Amino acid sequence: MTLALRNSVFKPTNLLDEWFNEEYYTHLQKTENGYKLEVPLAGFKKENIEVNIEKGILKVKANRGEKGEIKFDQNYYLPKDVNTDNVKASHEDGLLTLNFNSNTKTYKITIK
């Protein structure tokens, strides 16, 4: 069973760009091995996206436009059981996908 959460996380930082006024939604899903986070970044090139993790906070920054005038800058608090040592990231069809493994292991205990 997976749990999906949607949160409004982004409004444009450059209010002069009225044409770019849609809200961005992230999708966090609990998976069998950890978590999957999807961030829509349509129109942003992979080389203009920066992802960092610092003290349990995931930082996603991106820019687009001739002079980088349209920006995405969002921080996410990661769940405590996320293993940040082995994160897999991809950016396809305008969707940044991050897969995190969980530090929590489940053990079945046999009662004798």
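# Why the labels apply: core, salt bridges and strands

Tutor: The largest nonpolar core holds 17 residues, and Leu41, Leu58 and Phe72 have the most contacts inside it. This is a predicted model, in which local features need pLDDT of at least 70 and side-chain atom pairs count only at pLDDT 80 or more, whereas totals for chains, interfaces and linings use all residues. Residues are numbered from 1 along each chain as its sequence is written, and side-chain values use heavy atoms, with hydrogens and water left out.

Student: What makes a set of residues a nonpolar core?

Tutor: The members must be buried Ala, Val, Leu, Ile, Met, Phe, Trp, Tyr or Cys residues, joined through side-chain atoms within 4.5 Å. Leu41, Leu58 and Phe72 belong to the largest such set. At least two residues each come from strand S3 (34-40), strand S5 (57-64), strand S6 (70-77) and strand S8 (95-102). As a general tendency, nonpolar side chains in soluble globular proteins are buried together.

Student: Why is glutamate 38 called buried or exposed, and what is lysine 36 called?

Tutor: Buried means under 20% relative accessible area, exposed means over 50%, and partly exposed lies in between (1.4 Å probe, protein chains only). Glutamate 38 is at 17% and is therefore buried. Lysine 36 is at 26%, so the label is partly exposed. By this criterion, 32% of the 112 residues of the protein count as buried.

Student: How do you know that lysine 36 and glutamate 38 form a salt bridge?

Tutor: The term requires a side-chain nitrogen of Lys or Arg within 4 Å of a carboxyl oxygen of Asp or Glu. The N to O distance between lysine 36 and glutamate 38 is 3.6 Å, so the pair qualifies.

Student: How many salt bridges does the structure hold?

Tutor: There are 3. One of them joins lysine 30 to aspartate 81, with the closest N and O atoms 4.0 Å apart. This pair links distant parts of the chain, 51 residues apart: lysine 30 is in strand S2 (residues 24-30), and aspartate 81 is in the loop between S6 and strand S7 (82-92). Lysine 30 has a relative accessible area of 30% and is therefore partly exposed, whereas aspartate 81, at 18%, is buried. Lysine 59 and glutamate 54 also form a salt bridge, with the closest N and O atoms at 3.8 Å. Both partners count as partly exposed, lysine 59 at 26% and glutamate 54 at 43%.

Student: What makes a run of residues a strand, and how many strands and helices are there?

Tutor: Both are DSSP runs numbered from the N terminus: helices (H or I) need at least four residues and strands (E) at least two. On this basis the protein has 0 helices and 8 strands, and the pattern along the sequence is β-β-β-β-β-β-β-β.

Student: How do you know that S4 pairs with S5, and S5 with S6?

Tutor: Two strands pair if DSSP finds at least two bridges between them. S4 and S5 are antiparallel and share 6 bridges, and S5 and S6, also antiparallel, share 8; both pairs therefore meet the criterion. Between S4 and S5, valine 51 has valine 60 as bridge partner, and isoleucine 49 has alanine 62. In S6, lysine 71 is the bridge partner of asparagine 63, and asparagine 75 stands opposite lysine 59.

Student: Why are S4 and S6 called edge strands?

Tutor: The three strands form an open, antiparallel sheet in the order S4-S5-S6. Strand S4 (49-54) and S6 each pair on one side only. The twist from one strand to the next averages 10°.

Student: Which side chains of S5 are buried?

Tutor: Leu58, Val60, Ala62 and Arg64 point to one face and are buried, while Ile57, Lys59, Lys61 and Asn63 point to the other and are not. S6 has a covered face of Ile70, Phe72, Gln74 and Tyr76, and an uncovered face of Lys71, Asp73, Asn75 and Tyr77.

Student: Why does glycine 94 count as buried or exposed, and which residues does it contact?

Tutor: Glycine 94 lies in the loop between S7 and S8. Its relative accessibility is 16%, so it counts as buried. Contact means heavy atoms within 4.5 Å. Leaving aside neighbours within four places in sequence, glycine 94 is in contact with Val39, Pro40, Leu41 and Ala42.

How values were computed: Axes fitted to C-alpha atoms, helices over the stretch in contact; angles between N-to-C directions.
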